[in-house]
Amino acid sequence: MKILITGICGFVGRWIAEGLLDSRSDLQLIGIDNLARSGSESNRQKLHSMGVHFIHGDLRCRSDLDAIPQVDWVIDCAALPSVLAGTAGHSSSRHLTEHNLLGTLNLLEYCRQHQSGLILLSTSRVYSIRDLASLPLIDDGDTFALDLESRLPAGVSNAGIDESFSTTPPVSIYGATKRASETMAWEYAEAYQFPLRINRCGVLAGAGQFGRADQGIYSYWIHSHLRQRPLRYIGFGGSGRQVRDCLHPWDVARLVDKQITSAMDPTKPVIANVSGGIESARSLSQLTQWCNEQFGNHVVTSSEEERPFDLPWIVLNSRLARDAWQWQPSRSTDDILSEIADHARQHPDWLELA
């Protein structure tokens, strides 16, 4: 089997490549990346040692895709992944749209031409900002939690947010590019009859992630805490009670492998949430407590600043993926945090690289 991974030198692309190579002995792996992200060159070297055929190219340029031979499957990991992308100081809206939507359209044309199956990595940020901001929450000490005594909106339960939750705008420009990519992918797959799976991922985290304040928050927080860099709780009273789930990309690779194997099964869902679920969820305050136990105390300041895309609670319910593919995460949040901490100890200059 021959598989193309886009954005292969990014954090997620590299881990998915490693996971698939570990599970499939018959695999020929091709990767494409524009190497625009700081630190991506280090992943290129590792991929070369794993036998991956690397192509330096950009999905925005159709001719770069024309040079790629036919493959059985495409796994699309290429994107500008920050919800702040396209806003002031975080690249331009055109830059974001060209990367995240035009690149997808070029990739869909490739899949149409070669009848290649597509697995599109999407995001929890396709869900409505206003509806997410309106979720009934309680202050549960050092974290926000769903108020289960209140009437929950459609698509929400004590297990989190499922695929039926509202995607009504606004979802951010970033979220809009991913939602549009989902729609176009489904239309292409229906029109040209190639297999498609869309995985709406929660927060992905693990060793080697190029964490920043606007993306890769678990990695950024742990590396910054260990190095005694300034950290702030922004918004929501400056308490750090905002909550996200957590999943290792190795477990995404395990799911992708199952999705490829069952590609022709019409009972499997096209769109599924992929996350660590409620069991994996942590607040920033809880993450700080964990870091204090590992590295010693570090003062985190508070800020009353409110930012338009910040949300107090996003935890995806991935029960659909678990039931459809008999899949569940193999790495707990504590395992993931410990892996990042070990990596942080071994790479004192990682924040500068990222």
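Student: How much space lies in the second largest pocket?
Tutor: This is a predicted model, where local features need pLDDT of at least 70, side-chain atom pairs count only at 80 or more, and totals for chains, interfaces and linings use all residues. Residues are numbered from 1 along each chain as its sequence is written, and side-chain values use heavy atoms, without hydrogens and water. A pocket is an open set of 1 Å grid points where a 1.4 Å probe fits, with protein on both sides within 12 Å along at least five of seven lines. Filling the second largest pocket with probe spheres set on its points gives about 320 Å³.

Student: Which residues are closest to its centre?
Tutor: The lining (residues with an atom within 4 Å of a point) has 14 residues. Closest to the centre of the second largest pocket are Glu 190, Phe 194, Pro 195, Leu 196 and Arg 197.

Student: And which element gives the most to that lining?
Tutor: Going by DSSP runs (helices at least four residues, strands at least two), helix H6 (172-192) and strand S10 (196-201) each give two or more residues. With three residues, the top giver is H6.

Student: Where is the cis peptide bond?
Tutor: Look in the loop between strand S9 (160-161) and H6, where Pro 170 lies. With omega near 5°, the cis bond runs from Pro 169 to Pro 170.

Student: Ser 172 and Gln 326 both have a positive phi without being glycines; is Ser 172 buried or exposed?
Tutor: Ser 172, in helix H6, has a phi of about 90°. Its relative accessible area is 7%, so with the cut-off at under 20% Ser 172 counts as buried.

Student: Then is Gln 326 buried or exposed?
Tutor: Gln 326, with a phi of about 45°, sits in the loop between helix H10 (319-325) and helix H11 (333-346). Its relative accessible area is 61%, and because the cut-off is over 50%, Gln 326 is exposed.

Key
Buried means under 20% relative accessible area, exposed over 50%, partly exposed in between (1.4 Å probe, protein chains only).
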